[in-house]
Structures are given as structure tokens and as C-alpha cells.
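Subject: Structure handover

Hello,

Please find the structure below. My notes on what turned up in it follow.

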Amino acid sequence: HPLLGDGVVTRDIYGSHFEECSYYRSDPIQVKACPGNYYVYKFTRPPLSIPAPTYCAVRFTTPSVDPCYNYNSLDEPWRATNNPYDSNYRRCDNFQGWYRLLYNGQSVQMPESCVNQYMCGTYIPMWLNGSHPQLEDGVVTRQVCGSAWTGCCNFKSFPIQVKACPGNYYVYEFVRPIFCGAYCA
């Protein structure tokens, strides 16, 4: 969910079917945090292919910390897009949370276009399949691709959240990949 200062943001919607949590994917909706500790939603009608769709509700607490000021740093030169894979090191990201990417102490960002397999110091390099947000966009959802074999997007990770921050940097809510890969910088 967005923070008060994020304005209106767009979020992906998923539906469950039996034991599969993300069995269906519906059209995105818009969400806004409001003063007084509540949210408003601009719902869309789910596709007819989803049987008996219903939006769910749950109790919540408002996030009290802006990820622009509460993140972990990743300052590992091997994540660079021009750094080849070294078979002596098995580099697989196995973490999740909000991160800021740095290269020798300087802010960098994830690449927005295909990175060849065996780059970023890993077997399957992961790159952002979409553009970075603007400050006014708040937190946005983006797809992450992993390059392998003959394609740029042979592997798709779970979507991540991205936010543009004052001071000209981005923070990413990374998720643990379902394959051995690493986020590129």
C-alpha cells in the first residue's frame, strides 16, 4: 500500500484458486492513502474468465517508515552489467527487503534493458523489465527478467516494488528469486 505522500499509485491484482495464491492476474487498480489512516481504491471489473471474483479486505496498520529512508545498501562491484560470471563464485541472491544499489559508494540503478547471460557476476543476471518511476509515481510494481540461454527474459522473477527517492536514487523491494540469479546494477 502507498504512503500518504505517494499520491495515487497503480497496483497489480492477483486471485487465488484452491491452493495457488497467484493463479489469476486481473487488471491493475489504483490506490491512494488518505489522512485519517484509510485507503481508497479505484477497482476495475475482473475479467469474465475469473469465476466469482471478489476483492478481499483485511485489517491493517499504516506503514510508518518510508522506504526511501529505511533500506539496506548493496554496494558490490560484481553486480555491474559489464562484470562477467566467474564459475569459482556461485552468486545467487537469497534475500528480500528494501535495497538501494550503489557502485563504489555512488547511486546506481537496475538496467532497464536486456543484460546478457553470465554478466553481473552471476549465471542468470536479473534486470528491470520496465522503466523506473518518477518521484510523483510513488511505489510502483515492475517485472524482473532473468537472461539465460537464448533469451533475455527466459526467467521471470516475482514482481518487485520500486520507488524514486528525493536525492536522485531508487529503492527496490527485492524478493528472493525462484532460481539462482542476482540483481544487476
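Cys 92 and Cys 180 are joined by a disulfide, with 1.8 Å from S to S. Please keep in mind that this is a predicted model. The link of Cys 92 and Cys 180 is left-handed, with -60° about the S-S bond. Cys 92 sits in the loop between E4 and strand E5 (97-103), and Cys 180 in the loop between strand E11 (169-174) and strand E12 (182-183). The two cysteines are 88 residues apart, so this pair links distant parts of the chain. Cys 92 has a relative accessible area of 29% and is therefore partly exposed.

Disulfides

The structure holds 5 disulfides in total. With the bonded cysteines numbered in sequence order, they pair as 1-8, 2-9, 3-6, 4-10 and 5-7. Two more of these links are worth describing.

One is between Cys 68 and Cys 165, whose sulfur atoms are 2.0 Å apart. Its torsion about the S-S bond is -85°, and the link is left-handed. Cys 68 is in the loop between strand E3 (38-42) and strand E4 (72-74), while Cys 165 belongs to strand E10, so the disulfide ties together parts that are 97 residues apart in sequence. Are these two cysteines buried or exposed? Cys 68 counts as buried because its relative accessibility is 1%, and Cys 165 is buried as well, with a relative accessible area of 2%.

The other is between Cys 114 and Cys 152, at 1.9 Å from S to S. The torsion about its S-S bond is about -85°, which means that this disulfide is left-handed. Cys 114 lies in the loop between strand E6 (106-107) and strand E7 (125-129), and Cys 152 lies in strand E9 (residues 151-156). They are 38 residues apart, and the pair links distant parts of the chain. Cys 114, at 31% relative accessibility, counts as partly exposed. Cys 152 is partly exposed too, at 35%.

A separate note on another cysteine: Cys 34 has 11% relative accessibility and counts as buried.

Nonpolar core

In soluble globular proteins, nonpolar side chains tend to be buried together. The largest nonpolar core here has 20 residues. Which of its members touch the most others? They are Leu 101, Met 110, Ile 160, Val 162, Tyr 172, Phe 174 and Tyr 183. At least two residues of this core come from each of E5, E7, strand E8 (139-148), E10 and E11.

Met 110 shows how some of these residues meet. Leaving out residues up to four places away in sequence, Met 110 touches Leu 101, Ile 160, Tyr 172, Phe 174 and Tyr 183, among others. Its contacts also include Met 126, Trp 127, Leu 128, His 132 and Cys 184.

Two further buried residues

Leu 74 lies in strand E4 and counts as buried, because its relative accessibility is 8%. Apart from neighbours within four places in sequence, Leu 74 is in contact with Arg 79, Phe 95, Tyr 99, Arg 100, Leu 101, Leu 102 and Phe 174. Leu 74 and Tyr 183 are 109 residues apart in sequence, and their C-alpha atoms are 9.9 Å apart in space.

Gln 117 is in the loop between E6 and E7. With 15% relative accessibility, Gln 117 counts as buried, since the cut-off for that class is under 20%. Not counting residues up to four places away in sequence, it touches Tyr 123, Pro 125, Ser 147, Ala 148 and Trp 149.

Second largest pocket

The volume of the second largest pocket is about 190 Å³. It is lined by 11 residues, and the closest to its centre are Tyr 14, Phe 158, Pro 159, Ile 160 and Gln 161. Strand E1 (9-17) and strand E10 (160-165) are the elements that give two or more residues to this lining. The largest share comes from E1, with 3 residues. By type, the lining divides into 5 nonpolar, 3 polar and 3 charged residues.

Ile 160 appears in two of these places: it is one of the residues closest to the centre of the pocket, and it is among the core members that touch the most others. Strand E10 likewise supplies residues to the core and to the pocket lining, and holds Cys 165 of the disulfide with Cys 68.

Regards

Definitions and conventions. Residues are numbered from 1 along each chain as its sequence is written. This is a predicted model: local features need pLDDT of at least 70, side-chain atom pairs count only at pLDDT 80 or more; totals for chains, interfaces and linings use all residues. Side-chain values use heavy atoms; hydrogens and water are left out. On a 1 Å grid over the protein atoms alone, a cavity is a set of points where a 1.4 Å probe fits but cannot get out, and a pocket is an open set with protein on both sides within 12 Å along at least five of seven lines; lining residues have an atom within 4 Å of a point. Grid points are joined across faces, edges and corners, and a volume is the space filled by probe spheres set on the points. Helices (H or I, at least four residues) and strands (E, at least two) are DSSP runs, numbered from the N terminus. Ala, Val, Leu, Ile, Met, Phe, Trp, Tyr, Cys and Pro count as nonpolar, Asp, Glu, Lys and Arg as charged, and the others, Gly among them, as polar. A disulfide is a pair of cysteine sulfur atoms within 2.5 Å. Buried means under 20% relative accessible area, exposed over 50%, partly exposed in between (1.4 Å probe, protein chains only). A nonpolar core is a set of buried Ala, Val, Leu, Ile, Met, Phe, Trp, Tyr and Cys residues joined through side-chain atoms within 4.5 Å. Contact means heavy atoms within 4.5 Å.
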